[in-house]
Amino acid sequence: MKKNGRTTLPNLRYLGLLGIAVFVVGLTGFITGMTPVENEKTAAGIEACTECHEDVATAFKTSMHSVGKAVCTDCHGDAAKHIDTGGEKGTILAFNIKNSALQNAKQCLACHQDTCVQYMSGPHGKASMSCTDCHGIHKTGHNRALLQAPAGKLCAGCHPDVMAQFNLNERHRLKEGILECITCHDPHKPGTRERLGGFKQQECLKCHTDKTGPFIFEHEASAVEGCSICHEVHGSPNRHLLKFQSVGELCFSCHAGAPAWHKGLVSFDANCAGCHSAVHGSNLDPLFLK
Ligand code: HEC
Ligand code: HEC
Ligand code: HEC
Ligand code: HEC
Ligand code: HEC
Ligand code: HEC
Ligand code: HEC
Ligand code: HEC
Ligand code: HEC
Ligand code: HEC
């Protein structure tokens with residue numbers, strides 16, 4: 001229950017003294033949405049901290065969280081021991097790397113369920129990253145969403161290999177600001193090949209509306225596997241962001257069984273899509289010829 005001086009259920013400390021009634025109130029608070037439970041120090045709100053943390057407290061008053069009526073202990077947890085000991089080390093939750101990602105995220109999740117309910121099963125939660133790797137609560141002169149750095153720079157800093165793809169000839173226009181990493185990825189959610197937070201292919205189809213379907217004749221590759229089975233989405237040396245240099249190579253990576261007369265076409269670097277022009281799906285032809 002107690003870790004680094006933090007109590008997730010502050011009222012339980014007084015269980016013995018205050019008896020069953022308080023226990024029921026505390027427990028109900030815990031079960032119903034995990035709203036941070038008030039303790040006697042919270043009642044004094046920010047004032048209880050101002051004496052010793054004037055700079056932080058003053059800056060906080062104009063912050064988004066203060067306007068939203070959050071107080072210091074909503075995030076930092078029970079501060080009774082911290083105050084009693086005059087700020088002794090290890091007496092309050094300080095969101096440092098000594099804690100697990102889950103311990104750090106817990107206080108935040110109490111209010112940000114909607115955004116973060118899947119966080120721990122996503123790649124960043126799994127990699128033991130804390131909210132504070134990307135968000136700076138007390139930073140002043142803030143970027144959007146209290147980010148530590150503008151979103152593009154933030155992601156690029158840890159994913160330089162991906163940024164390199166956006167420098168290739170064929171690429172999405174990230175650098176020009178037409179889209180951002182977070183257009184396609186939600187950093188708080190697990191992603192799969194074609195599901196990057198949101199419904200399948202939804203993000204792509206918002207812009208590429210002609211590929212939306214549903215088509216009478218779906219190409220299973222697209223309908224089942226998703227766009228990224230054929231496209232290198234960030235950037236690629238190949239035309240149309242394709243995974244293979246020639247369209248023929250791409251098609252034959254799945255279609256060993258095309259009619260015999262087709263085989264010769266590969267050596268001509270055949271553009272299969274020249275005839276099978278509706279390769280994303282068709283309403284007219286089961287072979288995607290139109
Ligand atoms: C919304 C959550 C939240 C609230 C509310 C909050 N803090 Fe913090 N605080 C953090 C986080 C997270 C850190 C870790 C460093 C960071 O990311 O800014 C931190 C760090 C700190 C630190 C140590 C580092 C520093 O910047 O000096 C102090 C002291 C502090 N907070 C005091 C306060 C006080 C006092 C209040 C109320 C006036 C308060 N905090 C309100 C989340 C919060
Ligand atoms: C009686 C003085 C005093 C009061 C009141 C006080 N603090 Fe502190 N606090 C300190 C001292 C001293 C430190 C250590 C400062 C340092 O390391 O620079 C500290 C450190 C912290 C840290 C960083 C802890 C760490 O391990 O890095 C946080 C977070 C913090 N206080 C939050 C709060 C909050 C929130 C309140 C109000 C609920 C509060 N403090 C009230 C004296 C106080
Ligand atoms: C890898 C970086 C990263 C991590 C880790 C991260 N976030 Fe975010 N967060 C972002 C970015 C980028 C945005 C801006 C998204 C946008 O503008 O569409 C954002 C937006 C938000 C928002 C506002 C947008 C909304 O949906 O309401 C909240 C609240 C938030 N994050 C909370 C958290 C919490 C809580 C955690 C930890 C459990 C966390 N974040 C971890 C990068 C991150
Ligand atoms: C007591 C509830 C509460 C807690 C706990 C809390 N927040 Fe918030 N947070 C808010 C409110 C209220 C806002 C104001 C914007 C809003 O209404 O969504 C906000 C705003 C934010 C935003 C900016 C959202 C935007 O739209 O730009 C981020 C990011 C964020 N919080 C991250 C965190 C992180 C990280 C923690 C944990 C360290 C945390 N919050 C803890 C209530 C809380
Ligand atoms: C502090 C470093 C850091 C930041 C900042 C960061 N990431 Fe990550 N990211 C990681 C780590 C670590 C992993 C898990 C290991 C891996 O797959 O590389 C990861 C994984 C991912 C994955 C899943 C990779 C896979 O193979 O499934 C995606 C997608 C991703 N990050 C996108 C983003 C986006 C978008 C942003 C900006 C909002 C961002 N990241 C910011 C460190 C970071
Ligand atoms: C146009 C949409 C889109 C944009 C913009 C985008 N991504 Fe992706 N990203 C994808 C898709 C689709 C995949 C899945 C590829 C696969 O699984 O074959 C992916 C995969 C990833 C992966 C895991 C696989 C890999 O290539 O390493 C990471 C990490 C990643 N993206 C990070 C980022 C970062 C960071 C940015 C911004 C610099 C970004 N993405 C911008 C769509 C996008
Ligand atoms: C079976 C492989 C395959 C899949 C799956 C696939 N594509 Fe394509 N895509 C291609 C080929 C091949 C071309 C090049 C066609 C040509 O040469 O005329 C192409 C071209 C494109 C083009 C540029 C030319 C045009 O028709 O507008 C866009 C945009 C595109 N695809 C988006 C998507 C999207 C979005 C998805 C997911 C819904 C997707 N693709 C799924 C194979 C595929
Ligand atoms: C925010 C809008 C947007 C989103 C989201 C988006 N794209 Fe694009 N995409 C574009 C634009 C604009 C271009 C044209 C790029 C240029 O300027 O040359 C493009 C180009 C392409 C091309 C190359 C077309 C060609 O003719 O060479 C393919 C393939 C493609 N996108 C696939 C995808 C896939 C797959 C996804 C989802 C993972 C996706 N796009 C998400 C806007 C978007
Ligand atoms: C990721 C694997 C994959 C790729 C790549 C792919 N396809 Fe398919 N395609 C399928 C599957 C699965 C079906 C469903 C029928 C089947 O099982 O053969 C199908 C069906 C077809 C059909 C309908 C005829 C039939 O056999 O049912 C045609 C025509 C076709 N694909 C052409 C192409 C062309 C042209 C390309 C290259 C642009 C291509 N495909 C790339 C997986 C793929
Ligand atoms: C010159 C036009 C043309 C080109 C180029 C072409 N095809 Fe076809 N393809 C057809 C026609 C017409 C049919 C239907 C007649 C038939 O089955 O022989 C067909 C049928 C198919 C079928 C369905 C076979 C079956 O009966 O299930 C597949 C799969 C296919 N093509 C794949 C490919 C691939 C892969 C390429 C590139 C290497 C390609 N095609 C290039 C015209 C073309």
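This passage describes the surroundings of two ligands and the salt bridges in a predicted model. Residues are numbered from 1 along each chain as its sequence is written, and chains are lettered from A and ligands numbered from 1 in the order in which they are written. Local features need pLDDT of at least 70, side-chain atom pairs count only at pLDDT 80 or more, and totals for chains, interfaces and linings use all residues, while side-chain values use heavy atoms, with hydrogens and water left out.

Ligand 1 is surrounded by 16 residues, of which Cys-72, Cys-75, His-76, Thr-132 and His-138 come nearest; a residue is counted as near if one of its heavy atoms lies within 4 Å of the molecule or strand in question. Two of the histidines make polar contacts (N or O atom pairs within 3.5 Å; within protein, one atom must be able to donate a hydrogen and the other to accept it, and residues adjacent in sequence count only if both atoms are side-chain atoms). A polar side-chain atom of His-76 lies 2.8 Å from a nitrogen atom of ligand 1, and an N or O atom in the side chain of His-138 is 2.8 Å from a nitrogen atom of the ligand. At least two shell residues each come from helix 5 (54-61) and helix 7 (72-76), helices being DSSP runs of H or I with at least four residues and strands runs of E with at least two, numbered from the N terminus. The shell comprises 11 nonpolar, five polar and no charged residues.

Around ligand 8 there are 14 residues, the closest being His-172, Cys-204, Cys-207, His-208 and His-240. Nitrogen atoms of the ligand lie 2.8 Å from polar side-chain atoms of His-172 and 2.8 Å from an N or O atom in the side chain of His-208. For His-240, the contact is to an oxygen atom of ligand 8, at 3.1 Å. Helix 15 (residues 202-207) gives the most to this shell, with three residues. By class, six residues are nonpolar, five polar and three charged.

The whole structure holds six salt bridges, each a side-chain nitrogen of Lys or Arg within 4 Å of a carboxyl oxygen of Asp or Glu. One of them joins Arg-144 and Glu-180 at 3.0 Å, N to O. Arg-144 lies in the loop between helix 11 (123-126) and helix 12 (151-158) and Glu-180 in the loop between strand 3 (170-171) and helix 14 (181-184), so the pair ties together parts 36 residues apart in sequence. In another, Lys-290 pairs with Asp-285 at 3.6 Å. Lys-290 is exposed at 56% relative accessible area, whereas Asp-285 is buried at 10% (buried is under 20%, exposed over 50%, partly exposed in between; 1.4 Å probe, protein chains only).

Notes. Ala, Val, Leu, Ile, Met, Phe, Trp, Tyr, Cys and Pro count as nonpolar, Asp, Glu, Lys and Arg as charged, and the others, Gly among them, as polar.
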